[in-house]
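Student: Please show the structure, and then we can go through it by question and answer.

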Amino acid sequence: EPWMKGKLIPTHRIDERRPGKHKSRFVADGSRTLGDGVHFDAVATSMASATAVKLVVSFAAGCGQGLFSLDFSQAFLQANVDHPNLLIELPELPEEMQTGEFGTGKYDASGAHSGKVGRLKKALYGLRQSPRLWSKHLQKFITTEIGARVLVSDRNVFKWAWGGQTLLAACHVDDVLFSPSGRAIHVELLSRIRLRYAITGG
């Protein structure tokens, strides 16, 4: 089964729930995957081009509309992986995380390898196909749950008509630049997104 190493990377961000403690991020070392690599056959994804961004900006300027942006928090983790048996080696866990079924993680109490691995269900950061999986996940949400139409010329640009108003947007990974024609469609877009995701901006 395809498997890879996992890393626990400390950050400079302070954990609001535990003053004095820093946050860390568990990532996959996707570039060093062991196995036959079949699950990396198609990992490429597109992003909003400079032309797409200029299109939205020009549209907003020409119509006298405002420009807004939003960012999806922990975006890749919203998408499911596309391989049923993607295993990841656990890192050595810090003391405060040594609870539950994974124990101390990579090593047991004696310092020997625990032999425990995790089965990935979400597109973890570091996994090479994570950007593509997130892009497909976001496009499905935009088209099926919001009801917007993706442009044939650029699948990272979408147009949404609702309540007699329109909205044009360009998606760049987990950032969205958009221009609504009115306040109502602006509020409606944010409310629909916040029902499913944590976002900043808007």
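**Salt bridges, cavity and surface**

Tutor: A search of the whole structure finds three salt bridges, a salt bridge being a side-chain nitrogen of Lys or Arg within 4 Å of a carboxyl oxygen of Asp or Glu. This is a predicted model, in which local features need pLDDT of at least 70, side-chain atom pairs count only at pLDDT 80 or more, and totals for chains, interfaces and linings use all residues. Residues are numbered from 1 along each chain as its sequence is written, and side-chain values use heavy atoms, with hydrogens and water left out.

Student: What pattern does the protein chain follow along the sequence?

Tutor: Helices (H or I, at least four residues) and strands (E, at least two) are DSSP runs, numbered from the N terminus. The protein chain has three helices and ten strands. Read along the sequence, the pattern is β-β-α-β-β-β-α-β-β-β-β-α-β.

Student: Which residue forms a salt bridge with Arg132, and is Arg132 buried or exposed?

Tutor: Buried means under 20% relative accessible area, exposed over 50%, and partly exposed in between (1.4 Å probe, protein chains only). Arg132 has a relative accessible area of 13%, so Arg132 is buried. In its salt bridge the closest N and O atoms are 2.9 Å apart, and the partner is Asp82.

Student: How many residues apart in sequence are the parts that this pair ties together?

Tutor: Asp82 is partly exposed, at 42% relative accessible area. Arg132 lies in helix H2 and Asp82 in the loop between S3 and strand S4 (87-89), so the parts tied together are 50 residues apart in sequence.

Student: Which residue forms a salt bridge with Arg196?

Tutor: The closest N and O atoms of this salt bridge are 2.5 Å apart, and they belong to Arg196 and Glu145. The pair links distant parts of the chain, 51 residues apart, with Arg196 in the loop between H3 and strand S10 (199-201) and Glu145 in helix H2. Arg196 counts as partly exposed at 38% relative accessibility. At 41%, the partner is also partly exposed: Glu145.

Student: What separates Arg192 and Glu188 in helix H3?

Tutor: The side chains of Arg192 and Glu188 meet in a salt bridge at 2.8 Å, N to O. Arg192 is partly exposed, with a relative accessible area of 23%. Because the two are four residues apart in helix H3, their separation is about one helical turn.

Student: Which element gives the largest share of the lining of the largest cavity?

Tutor: On a 1 Å grid over the protein atoms alone, a cavity is a set of points where a 1.4 Å probe fits but cannot get out, and lining residues have an atom within 4 Å of a point. The structure holds one cavity of 30 Å³ or more, and about 50 Å³ of space lies in the largest cavity. S3, helix H2 (130-146) and helix H3 (183-194) each give two or more residues to its lining. The largest share, four residues, comes from H2.

Student: How many nonpolar residues does that lining have?

Tutor: The lining includes Leu70, Phe141, Cys171 and Ile193. Ala, Val, Leu, Ile, Met, Phe, Trp, Tyr, Cys and Pro count as nonpolar, Asp, Glu, Lys and Arg as charged, and the others, Gly among them, as polar. There are no polar and no charged residues in the lining, and the nonpolar ones number eleven.

Student: How far apart in space are Lys136 and Ala79?

Tutor: Lys136 is found in helix H2 and is exposed, with a relative accessible area of 53%. Lys136 and Ala79 are 57 residues apart in sequence, and their C-alpha to C-alpha distance is 8.4 Å.

Conventions
1 Å grid on protein atoms, 1.4 Å probe; cavity = no way out; pocket = protein on both sides within 12 Å on 5 of 7 lines; lining within 4 Å. Points joined across faces, edges and corners; volume = space filled by probe spheres on them.
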